[in-house]
Amino acid sequence: MSNGYSDKGTGWLGFAAIMLGFAGTLAVIDGIVALSRSSFYVANSHFVFSNLHTWGWINLILGAITILAAFGIVSGASWARWFGIFVAALAAIGQFAWIQAYPFWSLMIFTLDILVIYALTVYGGKGGVQA
Amino acid sequence: MSNGYSEKGTGWIGFASIMLAFAGTLAVIDGIVGLSKSSFYVAGAHFVFSDLRTWAWITLILGAVSILAAFAIVAGAEWARWFGIIVAALNAIGQLGWIQGYPFWSLIIFTLDILIIYALVVYGGKKGVAA
(Lines give C-alpha, C1' and ligand atoms only; values in the text may rest on other atoms or scores of the structure.)
Protein backbone atom coordinates (compact mmCIF):
# COMPACT_ATOMS: atom_id res chain seq x y z
CA MET A 1 0.00 0.00 0.00
CA SER A 2 2.88 2.34 -0.78
CA ASN A 3 1.20 4.42 -3.46
CA GLY A 4 -1.07 4.34 -6.50
CA TYR A 5 -4.47 4.66 -4.83
CA SER A 6 -6.19 4.88 -8.17
CA ASP A 7 -9.42 3.05 -7.40
CA LYS A 8 -11.84 4.85 -5.09
CA GLY A 9 -12.36 2.82 -1.97
CA THR A 10 -8.95 1.25 -1.69
CA GLY A 11 -7.98 4.22 0.46
CA TRP A 12 -10.96 3.55 2.70
CA LEU A 13 -9.83 -0.05 3.10
CA GLY A 14 -6.39 1.08 4.17
CA PHE A 15 -8.06 3.47 6.58
CA ALA A 16 -10.21 0.62 7.93
CA ALA A 17 -7.13 -1.50 8.53
CA ILE A 18 -5.31 1.33 10.31
CA MET A 19 -8.40 2.20 12.34
CA LEU A 20 -8.85 -1.45 13.35
CA GLY A 21 -5.26 -1.53 14.56
CA PHE A 22 -5.69 1.83 16.26
CA ALA A 23 -9.04 1.06 17.94
CA GLY A 24 -7.63 -2.30 18.98
CA THR A 25 -4.63 -0.59 20.58
CA LEU A 26 -6.94 1.81 22.44
CA ALA A 27 -9.05 -1.12 23.65
CA VAL A 28 -5.94 -2.95 24.85
CA ILE A 29 -4.80 0.18 26.74
CA ASP A 30 -8.34 0.51 28.11
CA GLY A 31 -8.28 -3.10 29.33
CA ILE A 32 -4.80 -2.87 30.84
CA VAL A 33 -5.66 0.34 32.71
CA ALA A 34 -8.84 -1.29 34.05
CA LEU A 35 -6.79 -4.23 35.36
CA SER A 36 -3.88 -2.22 36.75
CA ARG A 37 -5.33 1.14 37.75
CA SER A 38 -9.04 0.86 38.47
CA SER A 39 -9.08 4.29 40.17
CA PHE A 40 -8.99 5.84 36.68
CA TYR A 41 -12.57 4.72 36.19
CA VAL A 42 -15.77 6.16 37.62
CA ALA A 43 -16.17 4.89 41.16
CA ASN A 44 -19.16 2.67 41.88
CA SER A 45 -20.27 2.51 38.29
CA HIS A 46 -22.72 -0.21 37.38
CA PHE A 47 -22.12 -2.75 34.66
CA VAL A 48 -24.46 -4.80 32.52
CA PHE A 49 -23.09 -7.77 34.41
CA SER A 50 -20.05 -8.66 36.51
CA ASN A 51 -17.44 -6.03 37.45
CA LEU A 52 -14.67 -3.76 36.16
CA HIS A 53 -12.07 -6.54 36.29
CA THR A 54 -14.10 -8.83 34.03
CA TRP A 55 -14.81 -6.04 31.56
CA GLY A 56 -11.15 -5.06 31.56
CA TRP A 57 -10.23 -8.56 30.42
CA ILE A 58 -13.06 -8.74 27.86
CA ASN A 59 -11.98 -5.50 26.20
CA LEU A 60 -8.29 -6.40 26.38
CA ILE A 61 -8.96 -9.64 24.49
CA LEU A 62 -11.34 -7.99 21.99
CA GLY A 63 -8.68 -5.32 21.37
CA ALA A 64 -6.04 -7.97 20.66
CA ILE A 65 -8.37 -9.77 18.21
CA THR A 66 -9.11 -6.42 16.55
CA ILE A 67 -5.40 -5.87 15.91
CA LEU A 68 -5.19 -9.34 14.35
CA ALA A 69 -8.13 -8.48 12.09
CA ALA A 70 -6.26 -5.37 10.94
CA PHE A 71 -3.35 -7.53 9.77
CA GLY A 72 -5.80 -9.85 8.03
CA ILE A 73 -7.20 -6.95 6.03
CA VAL A 74 -3.77 -5.61 5.09
CA SER A 75 -2.80 -9.09 3.86
CA GLY A 76 -5.83 -8.97 1.55
CA ALA A 77 -7.54 -12.12 2.80
CA SER A 78 -11.14 -12.26 1.58
CA TRP A 79 -12.43 -13.59 4.90
CA ALA A 80 -10.80 -10.64 6.67
CA ARG A 81 -13.58 -8.28 5.55
CA TRP A 82 -16.33 -10.17 7.35
CA PHE A 83 -14.06 -11.08 10.23
CA GLY A 84 -13.23 -7.37 10.62
CA ILE A 85 -16.91 -6.36 10.54
CA PHE A 86 -17.76 -9.05 13.07
CA VAL A 87 -14.90 -8.17 15.41
CA ALA A 88 -15.56 -4.42 15.17
CA ALA A 89 -19.24 -5.04 16.01
CA LEU A 90 -18.30 -7.22 18.99
CA ALA A 91 -15.78 -4.64 20.19
CA ALA A 92 -18.42 -1.91 19.88
CA ILE A 93 -20.92 -3.96 21.91
CA GLY A 94 -18.18 -4.62 24.48
CA GLN A 95 -17.55 -0.88 24.84
CA PHE A 96 -21.30 -0.18 24.94
CA ALA A 97 -21.69 -2.55 27.89
CA TRP A 98 -19.13 -0.92 30.18
CA ILE A 99 -19.58 2.66 29.02
CA GLN A 100 -20.46 3.76 32.54
CA ALA A 101 -16.93 3.03 33.73
CA TYR A 102 -15.45 5.70 31.49
CA PRO A 103 -17.94 7.14 28.99
CA PHE A 104 -15.54 9.17 26.83
CA TRP A 105 -13.13 6.30 26.18
CA SER A 106 -15.99 3.98 25.34
CA LEU A 107 -17.59 6.54 23.03
CA MET A 108 -14.32 7.10 21.16
CA ILE A 109 -13.64 3.42 20.59
CA PHE A 110 -17.29 2.81 19.72
CA THR A 111 -17.22 5.54 17.07
CA LEU A 112 -14.04 4.14 15.52
CA ASP A 113 -15.62 0.69 15.37
CA ILE A 114 -18.64 2.08 13.49
CA LEU A 115 -16.28 3.80 11.02
CA VAL A 116 -14.49 0.50 10.48
CA ILE A 117 -17.79 -1.30 9.82
CA TYR A 118 -18.71 1.44 7.34
CA ALA A 119 -15.44 1.16 5.45
CA LEU A 120 -15.46 -2.63 5.33
CA THR A 121 -19.11 -2.86 4.30
CA VAL A 122 -19.08 -0.20 1.61
CA TYR A 123 -15.59 -0.71 0.17
CA GLY A 124 -14.72 -4.21 1.37
CA GLY A 125 -15.55 -5.88 -1.94
CA LYS A 126 -12.74 -4.19 -3.82
CA GLY A 127 -10.27 -7.00 -3.35
CA GLY A 128 -8.28 -5.76 -0.41
CA VAL A 129 -5.75 -3.01 -0.02
CA GLN A 130 -4.00 -2.20 -3.28
CA ALA A 131 -0.30 -2.85 -3.36
CA MET B 1 -22.34 -9.95 -1.48
CA SER B 2 -18.80 -11.26 -1.69
CA ASN B 3 -17.48 -8.74 -4.18
CA GLY B 4 -18.26 -6.65 -7.23
CA TYR B 5 -19.62 -3.51 -5.62
CA SER B 6 -19.76 -1.82 -8.96
CA GLU B 7 -22.78 0.39 -8.44
CA LYS B 8 -22.50 3.22 -5.98
CA GLY B 9 -24.86 2.84 -3.07
CA THR B 10 -25.16 -0.91 -2.85
CA GLY B 11 -22.48 -0.84 -0.18
CA TRP B 12 -24.50 1.67 1.82
CA ILE B 13 -27.49 -0.68 1.75
CA GLY B 14 -25.29 -3.44 3.15
CA PHE B 15 -24.10 -0.98 5.78
CA ALA B 16 -27.72 -0.05 6.59
CA SER B 17 -28.70 -3.68 7.12
CA ILE B 18 -25.67 -4.37 9.32
CA MET B 19 -26.34 -1.19 11.30
CA LEU B 20 -30.05 -2.09 11.69
CA ALA B 21 -29.09 -5.48 13.12
CA PHE B 22 -26.37 -3.87 15.23
CA ALA B 23 -28.55 -1.05 16.62
CA GLY B 24 -31.29 -3.63 17.17
CA THR B 25 -28.87 -5.78 19.19
CA LEU B 26 -27.84 -2.76 21.27
CA ALA B 27 -31.53 -1.90 21.86
CA VAL B 28 -32.26 -5.49 22.92
CA ILE B 29 -29.30 -5.38 25.36
CA ASP B 30 -30.58 -1.98 26.54
CA GLY B 31 -34.05 -3.42 27.14
CA ILE B 32 -32.84 -6.57 28.89
CA VAL B 33 -30.59 -4.55 31.20
CA GLY B 34 -33.55 -2.23 31.90
CA LEU B 35 -35.61 -5.24 32.99
CA SER B 36 -32.93 -7.19 34.84
CA LYS B 37 -30.52 -4.60 36.31
CA SER B 38 -32.27 -1.30 36.85
CA SER B 39 -29.39 -0.04 39.04
CA PHE B 40 -27.42 0.53 35.82
CA TYR B 41 -29.74 3.41 34.98
CA VAL B 42 -29.81 6.91 36.45
CA ALA B 43 -31.60 6.76 39.79
CA GLY B 44 -34.79 8.81 39.98
CA ALA B 45 -34.89 9.46 36.25
CA HIS B 46 -38.11 10.88 34.84
CA PHE B 47 -39.69 9.56 31.66
CA VAL B 48 -42.04 11.03 29.09
CA PHE B 49 -44.62 8.64 30.49
CA SER B 50 -44.72 5.48 32.59
CA ASP B 51 -41.57 3.96 34.16
CA LEU B 52 -38.24 2.28 33.36
CA ARG B 53 -39.82 -1.17 33.05
CA THR B 54 -42.29 -0.07 30.39
CA TRP B 55 -39.59 1.69 28.39
CA ALA B 56 -37.29 -1.31 28.65
CA TRP B 57 -40.01 -3.48 27.09
CA ILE B 58 -40.69 -0.91 24.36
CA THR B 59 -36.98 -0.75 23.52
CA LEU B 60 -36.57 -4.53 23.64
CA ILE B 61 -39.45 -5.05 21.19
CA LEU B 62 -38.32 -2.25 18.85
CA GLY B 63 -34.83 -3.77 18.88
CA ALA B 64 -36.17 -7.17 17.89
CA VAL B 65 -38.21 -5.62 15.07
CA SER B 66 -35.08 -3.76 13.88
CA ILE B 67 -33.21 -7.06 13.58
CA LEU B 68 -36.09 -8.50 11.52
CA ALA B 69 -36.02 -5.41 9.27
CA ALA B 70 -32.29 -5.98 8.72
CA PHE B 71 -32.96 -9.50 7.42
CA ALA B 72 -35.73 -8.23 5.15
CA ILE B 73 -33.33 -5.70 3.60
CA VAL B 74 -30.65 -8.34 3.04
CA ALA B 75 -33.33 -10.50 1.37
CA GLY B 76 -33.94 -7.59 -0.99
CA ALA B 77 -37.65 -7.18 -0.29
CA GLU B 78 -39.16 -4.09 -1.87
CA TRP B 79 -41.17 -3.13 1.23
CA ALA B 80 -38.11 -3.60 3.46
CA ARG B 81 -36.75 -0.15 2.65
CA TRP B 82 -39.77 1.70 4.02
CA PHE B 83 -40.22 -0.78 6.83
CA GLY B 84 -36.59 -0.19 7.82
CA ILE B 85 -37.04 3.59 7.74
CA ILE B 86 -40.18 3.42 9.90
CA VAL B 87 -38.61 1.01 12.38
CA ALA B 88 -35.43 3.09 12.67
CA ALA B 89 -37.53 6.25 13.19
CA LEU B 90 -39.67 4.54 15.85
CA ASN B 91 -36.54 3.22 17.55
CA ALA B 92 -35.03 6.73 17.56
CA ILE B 93 -38.23 8.19 19.05
CA GLY B 94 -38.26 5.41 21.63
CA GLN B 95 -34.71 6.26 22.67
CA LEU B 96 -35.67 9.93 22.90
CA GLY B 97 -38.51 8.98 25.25
CA TRP B 98 -36.32 7.38 27.87
CA ILE B 99 -33.03 9.21 27.29
CA GLN B 100 -32.97 10.24 30.94
CA GLY B 101 -32.61 6.59 31.90
CA TYR B 102 -29.13 6.38 30.39
CA PRO B 103 -28.22 9.32 28.12
CA PHE B 104 -25.10 7.84 26.47
CA TRP B 105 -26.81 4.64 25.38
CA SER B 106 -29.82 6.50 24.03
CA LEU B 107 -27.60 8.95 22.13
CA ILE B 108 -25.56 6.14 20.56
CA ILE B 109 -28.61 4.19 19.38
CA PHE B 110 -30.30 7.41 18.21
CA THR B 111 -27.26 8.31 16.09
CA LEU B 112 -27.13 4.87 14.50
CA ASP B 113 -30.85 5.09 13.67
CA ILE B 114 -30.31 8.40 11.86
CA LEU B 115 -27.47 6.83 9.84
CA ILE B 116 -29.79 3.96 8.88
CA ILE B 117 -32.52 6.35 7.76
CA TYR B 118 -29.96 8.23 5.66
CA ALA B 119 -28.72 5.07 3.96
CA LEU B 120 -32.21 3.75 3.24
CA VAL B 121 -33.58 7.08 1.98
CA VAL B 122 -30.61 7.96 -0.23
CA TYR B 123 -29.65 4.52 -1.54
CA GLY B 124 -32.74 2.40 -0.86
CA GLY B 125 -34.01 2.52 -4.44
CA LYS B 126 -31.08 0.53 -5.78
CA LYS B 127 -32.74 -2.88 -5.51
CA GLY B 128 -31.21 -4.20 -2.35
CA VAL B 129 -27.81 -5.59 -1.57
CA ALA B 130 -25.71 -6.43 -4.61
CA ALA B 131 -25.01 -10.12 -5.04
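Helix α2 of chain B (residues 52-74) comprises 23 residues, which at 1.5 Å a residue should span 33 Å, and the end C-alpha atoms of this helix are indeed 33 Å apart; the expected span is 1.5 Å times one less than the number of residues. Helices (H or I, at least four residues) and strands (E, at least two) are DSSP runs, numbered from the N terminus. The model is predicted: local features need pLDDT of at least 70 and side-chain atom pairs count only at pLDDT 80 or more, whereas totals for chains, interfaces and linings use all residues. Residues are numbered from 1 along each chain as its sequence is written, with chains lettered from A and ligands numbered from 1 in the order in which they are written.

Chain B contains four helices and zero strands, in the sequential pattern α-α-α-α. Of its 131 residues, 47% are buried (20 or more other C-beta atoms, placed from the backbone, within 10 Å of the residue's own). In α2(B), the buried residues include W55(B), I58(B), L62(B), S66(B) and I73(B). The buried residues of this helix pack against α1 and α3 (80-97) of chain B. Just after α2(B), G76(B) adopts a positive phi of about 85°.

At the interface, 20 residues of chain B are in contact with 19 residues of chain A (C-beta atoms, placed from the backbone, within 7 Å). On the chain B side, the elements giving two or more residues are α1 (10-36) and α4 (103-123), and α1(B) gives the most, with ten residues.

How values were computed. Contact = placed C-beta atoms within 7 Å. Buried ≥ 20, exposed ≤ 12 C-beta atoms within 10 Å, placed from the backbone.
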